[in-house]
Amino acid sequence: MLSLNLRDSRPIYEQVRDGLRRLIITGAIPPGDKLPSVRTLAGQLAINPNTIQRSYEALEREGYAYSVPGKGSFAALPQDVTEKRRRELFGQLDAVVQELVYLGMGRAEIAKRCMDEGKEETQ
């Protein structure tokens, strides 16, 4: 399900958060499905449960998950992702596009790449 890279400079909670986010986005964890319990995932990854809890809280703040008291955490529906997260992602996209233009890539080529990526998602 998830794997950690101990050589990665990012904190472990961010690696867990990003891994779970990727599983939710790709549909490996469908919307509405229960995420592994904090203790179960901590045991599987051999890390502190507080680290998993921190990852789950971050996913909830971003809108990718929600919790039900006494039941656990669940993958959110795509429309539940917050506007704040969309703005963050567009900010990152703007920075990447700016750097690609600086490195000599044409705007038309960048736009085509974005359009091709979108086509893969819908097929």
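In which strand does serine 73 lie? Serine 73 belongs to strand β2, and we will come back to this residue further down. The structure you are looking at is a predicted model. Its chain contains five helices and two strands. Starting at the N terminus, these elements follow the order α-α-α-β-β-α-α.

**The chain as a whole**

- Along the principal axes, the C-alpha atoms fill a box of roughly 50 × 35 × 25 Å.
- The chain has 123 residues, and 28% of them count as buried.
- Its accessible surface comes to about 8700 Å², and carbon and sulfur atoms account for 53% of that surface.
- Take the contacts between residues at least 6 apart in sequence: 43% of these join residues at least 24 apart.
- The chain carries 18 positive and 17 negative charges, and the mean positions of the two groups are 4 Å apart.

**The nonpolar core**

- The largest nonpolar core has 19 residues, and the members that touch the most other members are Val16, Leu20, Leu41 and Ile52.
- Three elements give two or more residues to this core, namely α1 (12–26), α2 and α3.
- Leucine 41 is a good residue to look up in the model: leaving out residues up to four places away in sequence, leucine 41 touches Leu2, Val16, Leu20, Pro36, Ile52 and Tyr56.

**Helix α3 and the loop before it**

- Helix α3 spans residues 49–62, and alanine 46 sits in the loop between α2 (38–45) and this helix.
- The phi angle of alanine 46 is near 55°, which is a positive value in a residue other than glycine.
- Alanine 46 counts as exposed because its relative accessibility is 69%, and the cut-off for exposed is over 50%.
- Serine 55 has its place in helix α3.
- With a relative accessible area of 0%, serine 55 is buried.
- Beyond residues up to four places away in sequence, serine 55 touches Tyr13, Val16 and Arg17.

**The two strands**

- Strand β1 (residues 65–68) and strand β2 (residues 72–75) run antiparallel, and four bridges join them.
- One residue to find here is valine 68, whose bridge partner in β2 is glycine 72.
- The hairpin of β1 and β2 has three residues between the strands, and in this hairpin glycine 70 takes a positive phi near 80°.

**Back to serine 73**

- Is serine 73 buried or exposed? Serine 73 counts as buried because its relative accessible area is 9%, and buried means under 20%.
- Serine 73 has contacts with Asp33, Lys34, Leu35, Tyr56, Glu60, Tyr66 and Ser67, when residues up to four places away in sequence are not counted.
- Serine 73 and leucine 59 are 14 residues apart in sequence, and their C-alpha atoms are 9.8 Å apart in space.

**Before the first helix**

- Arginine 10 is found in the segment that comes before α1.
- Its relative accessibility is 30%, so arginine 10 counts as partly exposed.
- Arginine 10 touches Gln15 and Asp18, with residues up to four places away in sequence not counted.

How values were computed
Residues are numbered from 1 along each chain as its sequence is written. This is a predicted model: local features need pLDDT of at least 70, side-chain atom pairs count only at pLDDT 80 or more; totals for chains, interfaces and linings use all residues. Side-chain values use heavy atoms; hydrogens and water are left out. Buried means under 20% relative accessible area, exposed over 50%, partly exposed in between (1.4 Å probe, protein chains only). Contact means heavy atoms within 4.5 Å. A nonpolar core is a set of buried Ala, Val, Leu, Ile, Met, Phe, Trp, Tyr and Cys residues joined through side-chain atoms within 4.5 Å. Accessible areas come from the Shrake-Rupley method with a 1.4 Å probe; for residues, only the protein chains shown count as cover. Lys and Arg count as positive and Asp and Glu as negative; His and the chain ends are not counted. The place of a charge is taken as NZ of Lys, CZ of Arg, CG of Asp or CD of Glu. Two strands pair if DSSP finds at least two bridges between them.
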